[in-house]
There are 2 protein chains.
Amino acid sequence: MKICTTYACHKFFATLANPTRLAIVEILMDSPKNVAQIAQVLQQEQSMVSHNLKPLMECAFVFSEKKGRKRVYSVNKELIEPLFHLIAFHESKYCPNGKTCLTRRGIKLERMREAQKTLYVNHE
Amino acid sequence: MKICTTYACHKFFATLANPTRLAIVEILMDSPKNVAQIAQVLQQEQSMVSHNLKPLMECAFVFSEKKGRKRVYSVNKELIEPLFHLIAFHESKYCPNGKTCLTRRGIKLERMREAQKTLYVNHE
DNA sequence: ATTTCATATGAATAAGATTTCATGTGAGGC
DNA sequence: GCCTCACATGAAATCTTATTCATATGAAAT
């Protein structure tokens, strides 16, 4: 059964393997927002938000709708909710304090740029 | 609720956002194997397999056990099975023929090295 | 029709990840 | 105890991805 060795599957994970895009997903979990609103919450440039919304759209992680001049983005809860519940369960089992899985790659976390650091929540 | 803006979550996706690692996961879905066996099925170097097994281990996507001289790797089915069912459902809904979500990034697929291309299954 | 607001796109650069090849490690067998 | 098999690790080179800044598009308001 070939389910994971497809480009679509790779793209699925690659799209979510980015702090900016994860943050956008999280922000939209709260409520639908337009690009400027997302940028404001994230404290990031508008163009960066647009760039990152694109792959999220292509993978149907988010949807969008025009409302007057603005384009309102919303999250695909049908996918995102069960997905993140699965991850939450996995994490609770295998990295209970959020430290275990950071150990080996702690250095990379250090090297992360300031802008990205603020996107992450500190587990401790 | 901060579930996805954690480094652990980023690492979760980043680890699976790689064709070699996805292929390893798929190969191990079939049956547990040692490093040399994985390398043989994948037609890749042993060191590459080892390098890629490491993050898979750290994220508990795979487990390992020593058997004599060899180290046998197996997949964490409790996670991988529901995860890929979720993705399969999502894909069936939003990229039914495997083409939709390739359209915009088709060029990148072209640019992929030969070694990686063979890891992907052609949807069409 | 023109201006302006909201978002999208392009291209260059910067940053990060993957692969490769060489070498290290360590447990098993002899 | 030594050798060797099986695997892991390190570091450089290469390839990929993300971000930035400038500019384009396009629809709504005037």
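This report describes a predicted model of two protein chains with two DNA strands, beginning with the protein core and moving on to the DNA surfaces, a sheet and one loop residue.

Because the model is predicted, local features need pLDDT of at least 70 and side-chain atom pairs count only at pLDDT 80 or more, while totals for chains, interfaces and linings use all residues. Residues are numbered from 1 along each chain as its sequence is written, chains are lettered from A and ligands numbered from 1 in the order in which they are written, and side-chain values use heavy atoms, with hydrogens and water left out.

**The core**

A nonpolar core is a set of buried Ala, Val, Leu, Ile, Met, Phe, Trp, Tyr and Cys residues joined through side-chain atoms within 4.5 Å, where buried means under 20% relative accessible area, exposed over 50% and partly exposed in between, with a 1.4 Å probe and protein chains only. The largest such core has 62 residues, and those with the most contacts inside it are A:Phe13, A:Phe84, B:Phe13 and B:Phe84. In soluble globular proteins, nonpolar side chains tend to be buried together. Contact means heavy atoms within 4.5 Å, and, when residues up to four places away in sequence are not counted, B:Phe13 touches several residues of chain A, including A:Phe13, A:Leu16, A:Leu83 and A:Phe84.

**The surfaces near the DNA**

A residue is near a strand if one of its heavy atoms lies within 4 Å of it. DNA strand D is surrounded by 28 residues, of which A:Arg21, B:Ser50, B:His51, B:Arg69 and B:Tyr73 are the closest, whereas DNA strand C has 27 residues around it, with A:Ser50, A:His51, A:Arg69, A:Tyr73 and B:Arg21 coming nearest. Of the atoms of strand D within 4 Å of the protein, 67% belong to sugar or phosphate and the rest to bases; for strand C the share of sugar or phosphate is 64%.

Helices (H or I, at least four residues) and strands (E, at least two) are DSSP runs, numbered from the N terminus. H4(B) gives the largest share of the surface near strand D, five residues, and H4(A) gives the largest share near strand C, also five residues.

The table lists some polar contacts, that is, pairs of N or O atoms within 3.5 Å; within protein, one must be able to donate a hydrogen and the other to accept it, and residues adjacent in sequence count only if both atoms are side-chain atoms.

| Protein group | DNA atom | Distance |
|---|---|---|
| A:Asn18 side chain | strand D phosphate oxygen | 3.4 Å |
| B:Ala36 backbone | strand D phosphate oxygen | 3.1 Å |
| B:His51 side chain | strand D base oxygen | 2.6 Å |
| A:Ala36 backbone | strand C phosphate oxygen | 3.1 Å |
| B:Arg21 side chain | strand C phosphate oxygen | 2.7 Å |
| B:His51 side chain | strand C base oxygen | 3.2 Å |

**A sheet in chain B**

Two strands pair if DSSP finds at least two bridges between them. Chain B has an open sheet of three strands in the order S1-S3-S2, with antiparallel pairing. Strand S1 (33-34) and strand S2 (62-67) stand at the edges with a single partner strand each, so one side of each is left without a neighbour in the sheet. S1(B) and S3(B) pair over two bridges, and B:Asn34 has B:Val72 of S3(B) as its bridge partner.

**A loop residue**

B:Asn18 is placed in the loop between helix H1 (7-16) and H2 of chain B, and it counts as buried because its relative accessibility is 16%. The side chain of B:Asn18 has a polar atom 2.8 Å from the backbone nitrogen of B:Thr20 and reaches the backbone nitrogen of B:Arg21 at 3.0 Å. Leaving aside neighbours within four places in sequence, B:Asn18 is in contact with A:His10 and B:Asn52.
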